[in-house]
Amino acid sequence: MIARGARAQPAVRRLRACVATAAATILAACSQPAPLTEFAGGIAIPAGAVDLREQVDDGFRSMTAYYRFELPPQQLPALTEALRCSLGEAGTAQRLAHTGEPPWFAADPSHLRRGCQSRLASGWFYQLEVDISRPERYTVYLIAFS
């Protein structure tokens, strides 16, 4: 409490400091991106996925999302089942690049890859390409578009 006739400056400074601290705490909490739990279209991201990169291009009537991540080989069947596609034979054929594709999305053309495409009832289309050159961990490239 401020004594009668005393200056209110110290109380105002303390109040400003409290407000600034609270605002900084709220801003820090809000600026942290939520961890990604599913791909566009509602397909769950496999638990073993690491080094996940994402770029979403949201157009007027369509959306394209690019994902690249590393995945243990034993988790690949669950992903292909969720996408409802069966991987083709291994090969090195280069997939055609899409306009606006991020530079980190291009697979090494000399590596063996398997791929598939699917369309789900939700209206989402998926293109999956899996670099299988390292048997202990695959690199997965996934495009989702609506």
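1. Order of elements. Read from the N terminus, the elements follow the pattern α-β-β-α-β-β-β. That comes to 2 helices and 5 strands. The model is a predicted one, and the points below should be read with that in mind.

2. Burial and surface. The protein has 146 residues, of which 32% count as buried. Its exposed area is about 9600 Å², and carbon and sulfur atoms supply 56% of that area.

3. Contacts along the chain. Among contacts in the protein with a separation of 6 or more, 51% are between residues 24 or more positions apart. Several of the pairs described below can be placed in the secondary structure, and their separation in sequence is given in each case.

4. The disulfide. How many disulfides does a search of the whole structure find? The search finds 1. The disulfide is formed by C85 and C116, with 2.0 Å between their sulfur atoms. C85 belongs to the loop between α2 (76-83) and β3 (113-119), while C116 is in strand β3, so the pair ties together parts that are 31 residues apart in sequence. As for accessibility, C85 and C116 are both buried.

5. Aromatic pairs. The structure holds 6 aromatic pairs. One of them joins Y66 and F105: the ring centres are 5.3 Å apart and the planes stand at 70 degrees, so the pair is edge-to-face. Y66 sits in strand β2 (residues 63-71) and F105 in the loop between α2 and β3, so this pair ties together parts that are 39 residues apart in sequence. Y66 is buried, with a relative accessible area of 2%, and F105 is buried at 1% relative accessibility.

6. W104 and the cluster. F105 also pairs with W104. Their ring centres are 6.1 Å apart and their planes are at 75 degrees, so this pair too is edge-to-face. W104 has a relative accessibility of 14% and counts as buried, because the limit for that class is under 20%. Which residues make up the aromatic cluster? Y66, W104, F105 and Y141 form it together.

7. The salt bridge of R134 and E70. The count of salt bridges comes to 2. In one of them, R134 pairs with E70, and the closest N and O atoms are 2.1 Å apart. R134 lies in the loop between β4 (125-131) and β5 (138-145), and E70 lies in strand β2, so the salt bridge ties together parts that are 64 residues apart in sequence. Are the two partners buried or partly exposed? R134 is partly exposed, at a relative accessible area of 34%, whereas E70 counts as buried at 12%. Strand β2 thus appears twice in this note, since Y66 and E70 are both placed in it.

8. The salt bridge of E129 and R113. Here the side chains meet at 3.0 Å, N to O. E129 is in strand β4 and R113 in strand β3, so the pair ties together parts that are 16 residues apart in sequence. Both E129 and R113 are buried. Strand β3 therefore holds R113 as well as C116 of the disulfide.

How values were computed
Residues are numbered from 1 along each chain as its sequence is written. This is a predicted model: local features need pLDDT of at least 70, side-chain atom pairs count only at pLDDT 80 or more; totals for chains, interfaces and linings use all residues. Side-chain values use heavy atoms; hydrogens and water are left out. A disulfide is a pair of cysteine sulfur atoms within 2.5 Å. Helices (H or I, at least four residues) and strands (E, at least two) are DSSP runs, numbered from the N terminus. Buried means under 20% relative accessible area, exposed over 50%, partly exposed in between (1.4 Å probe, protein chains only). Contact means heavy atoms within 4.5 Å. Accessible areas come from the Shrake-Rupley method with a 1.4 Å probe; for residues, only the protein chains shown count as cover. Rings of Phe, Tyr and Trp (its six-membered ring) pair if their centres lie within 6.5 Å; planes under 30 degrees apart count as stacked, over 60 as edge-to-face and the rest as tilted. A salt bridge is a side-chain nitrogen of Lys or Arg within 4 Å of a carboxyl oxygen of Asp or Glu.
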